[in-house]
Amino acid sequence: MKKAISVFLSVLMVISILPAFTAFAADSGNCGENGDNVKWKLEDSTLTIYGKGKMADLSDDKHWTDSLAPWSQKDFTKVIIKNGVTNVGSAAFSGNEKLSEVVLGDSIISIDTCAFYECKNLKEITLPDKVEKIYEYAFRKVPIEEINLPDSLKMIDDQAFSGSGLKSVVVPEGVTSVGTYAFMDCYNLDSIKLPSTLRNIGMSIVMNTPYAKNENNWRWNGLYVNHHLLDYDGRAINYKILKGTICIAEDAFWVTGAQIESIILPESLKAISERGFFGCKDLESINIPAGVEVIGVGAFNSCKRLEKFTVDKDNKFYDSRNNCNAIIETKTNKIIAGCSNTVIPKSVKAIGAHAFYLSKQYIEIPETVTRIEDYAYVTSRNNHVTVFFEGDYKQWKKARNIKSTRGATNVYFNCKRLRFSSAKGAKKKFTVKWNKLGSAKGYQIQYSTDRNFEKDVHKIKVKGNKTFKRTVKVKKAKKYYVRVRAYKTFTTDKVHTTYSVFSPVRTVTVKK
């Protein structure tokens with residue numbers, strides 16, 4: 001009997017130990033980018049992370065603000081990240097509403113995406129002196145009222161502090177980029193300072209804040225933070241940007257800049273952010289000052305009437321060589337912005353992303369171009385871009401990107417733009433000659449007594465790509481306007497015909 005009782009008590013002891021052991025096993029583990037290089041343990045409501053190197057990305061692929069961290073369903077109020085760990089992993093503490101205290105080791109370099117997203121009880125945090133990057137949504141909707149950003153900081157990403165409780169913020173010198181909506185919806189933010197080192201400012205970084213609503217922060221038709229132009233109020237047609245301005249923010253003129261016809265950029269300007277002048281559809285010309293160092297992708301997107309680009313001859317980063325009416329990145333020989341009158345020099349090696357976005361219906365590209373980036377030339381959905389490429393099909397296939405255009409595009413190889421080599425009138429007839437377009441299936445000649453081709457338009461179809469001369473008989477002795485375009489065909493469920501842009505118009509006088 002005593003032996004049975006002894007066995008029974010031993011079993012009870014084992015059973016009582018198992019839950020404790022299981023709990024301990026579930027409250028520690030690995031969380032490193034390389035597995036066990038970083039570990040974690042949970043004791044007495046304190047989560048400690050330790051090791052060397054980077055934490056893993058702990059976000060959910062489908063819902064990237066959700067945390068897949070092994071501690072995401074556990075209760076703790078304090079986090080300690082020991083010296084040796086170099087980042088706070090993506091979504092590491094996203095949505096943790098009980099976390100109220102965080103101690104970061106001196107080795108932390110980055111606060112990753114959604115690291116403290118919606119930690120609604122975290123009211124203060126101290127960033128180590130080595131932090132260089134704060135990624136998107138890192139502190140979104142975190143009720144911190146103040147934060148000391150270290151001098152080591154280089155970048156603040158999109159919505160990093162949006163919806164937070166910040167009342168004021170000083171972004172230190174050395175930061176080069178502040179992302180879109182970085183401080184949006186900070187309903188207590190009435191003071192912000194930005195450094196002179198900024199070379200990119202995202203869209204609407206202080207939208208829906210007391211700072212943006214304060215009329216005293218609007219100067220010279222623009223919302224400024226220090227010497228940076230964030231937004232434009234749309235009141236001027238001819239706009240001279242304030243002297244001393246260093247950086248123009250992304251989409252600063254979107255919607256409000258639609259009526260601007262001319263803009264004068266100050267000599268102090270260092271940077272134009274992505275899509276800085278997006279939508280300035282009536283802007284006719286622009287001069288880039290000598291001091292500009294950075295021009296973002298699509299800086300002049302949708303400037304449909306832009307006819308002239310010039311770059312100051314003393315600019316070390318950009319040029320408009322050979323009066324080409326384009327902005328060329330000097331070091332890479334890449335066109336980053338073009339207009340309706342751009343002539344691409346043979347020294348150009350690449351056409352940058354969004355370079356001709358809604359600005360040109362035809363482009364002559366020399367065979368020296370070996371790379372065409374995403375959406376390099378895009379027109380409206382109801383039109384198409386005609387490309388005249390001097391090289392052959394193999395060169396074109398190697399250079400172009402699948403996203404280079406949107407919609408239908410006609411590409412003609414081994415040629416320049418279609419032009420008349422001669423147009424002569426005679427008795428009751430005229431004769432025209434034009435250059436061959438490689439890969440064309442034929443040509444269409446149009447002539448009219450109306451210079452605008454709005455009435456009395458006659459069309460003549462020339463099939464094949466072997467005839468480049470045509471004599472046209474007419475009944476009346478008059479002045480005629482003549483133009484020609486190429487066409488190509490392709491078949492789906494039926495035969496479709498697409499046309500190139502017309503040649504420049506020539507005039508001929510027919511005698512009696």
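## A spread-out chain, from Ser 204 outward

At 27% relative accessibility, Ser 204 counts as partly exposed, a class that lies between buried (under 20% relative accessible area) and exposed (over 50%), with a 1.4 Å probe and protein chains only. Ser 204 sits in the loop between strand S13 (200-201) and H2, where helices (H or I, at least four residues) and strands (E, at least two) are DSSP runs numbered from the N terminus. Although Ser 204 is not a glycine, its phi is positive, about 50°.

A word on the model itself: it is predicted, so local features need pLDDT of at least 70 and side-chain atom pairs count only at pLDDT 80 or more, while totals for chains, interfaces and linings use all residues. Residues are numbered from 1 along each chain as its sequence is written, and side-chain values use heavy atoms, with hydrogens and water left out.

Now for the overall build. The chain holds three helices and 41 strands. Its radius of gyration is 32 Å, well over the 24 Å that the globule rule gives for 512 residues, so the chain is more spread out than a compact globule. That radius is taken over C-alpha atoms, and the rule is 2.2 Å times the number of residues to the power 0.38. Along the principal axes, the C-alpha atoms fill a box of roughly 135 × 65 × 35 Å. Buried residues make up 49% of the 512. Taking contact as heavy atoms within 4.5 Å, residues 24 or more positions apart account for 41% of the contacts with a separation of 6 or more.

Next, the interior. A nonpolar core is a set of buried Ala, Val, Leu, Ile, Met, Phe, Trp, Tyr and Cys residues joined through side-chain atoms within 4.5 Å. The largest one has 65 residues, of which Trp 71, Phe 93, Ile 111, Phe 116 and Phe 183 touch the most other members. Elements giving two or more residues to this core include strand S3 (46-51), helix H2 (210-213) and strand S15 (222-225), and S2 gives the most, with three residues. Leaving out residues up to four places away in sequence, Phe 116 touches Val 88, Phe 93, Leu 99, Val 102, Ile 111, Leu 122, Ile 125, Ala 138, Phe 139, Arg 140 and Val 142. Apart from this core lies another, of 32 residues, with Leu 269, Ile 288, Leu 306 and Ile 336 among them.

Here are three further residues, side by side.

| Residue | Element | Relative accessible area |
|---|---|---|
| His 228 | strand S16 (228-232) | 1%, buried |
| Asp 251 | loop between S18 (247-248) and S19 (262-264) | 8%, buried |
| Thr 471 | strand S38 (469-473) | 38%, partly exposed |

Beyond its neighbours within four places in sequence, His 228 is in contact with Leu 194, Pro 195, Ser 196, Leu 198, Ile 201, Leu 223, Ile 246 and Cys 247. The C-alpha atoms of His 228 and Ile 246, 18 residues apart along the chain, are separated by 5.6 Å.

Asp 251 is a residue other than glycine with a positive phi, near 55°.

With neighbours within four places again set aside, Thr 471 is in contact with Lys 429, Phe 430 and Thr 431. The C-alpha atoms of Thr 471 and Ala 376, 95 residues apart along the chain, are separated by 39 Å.
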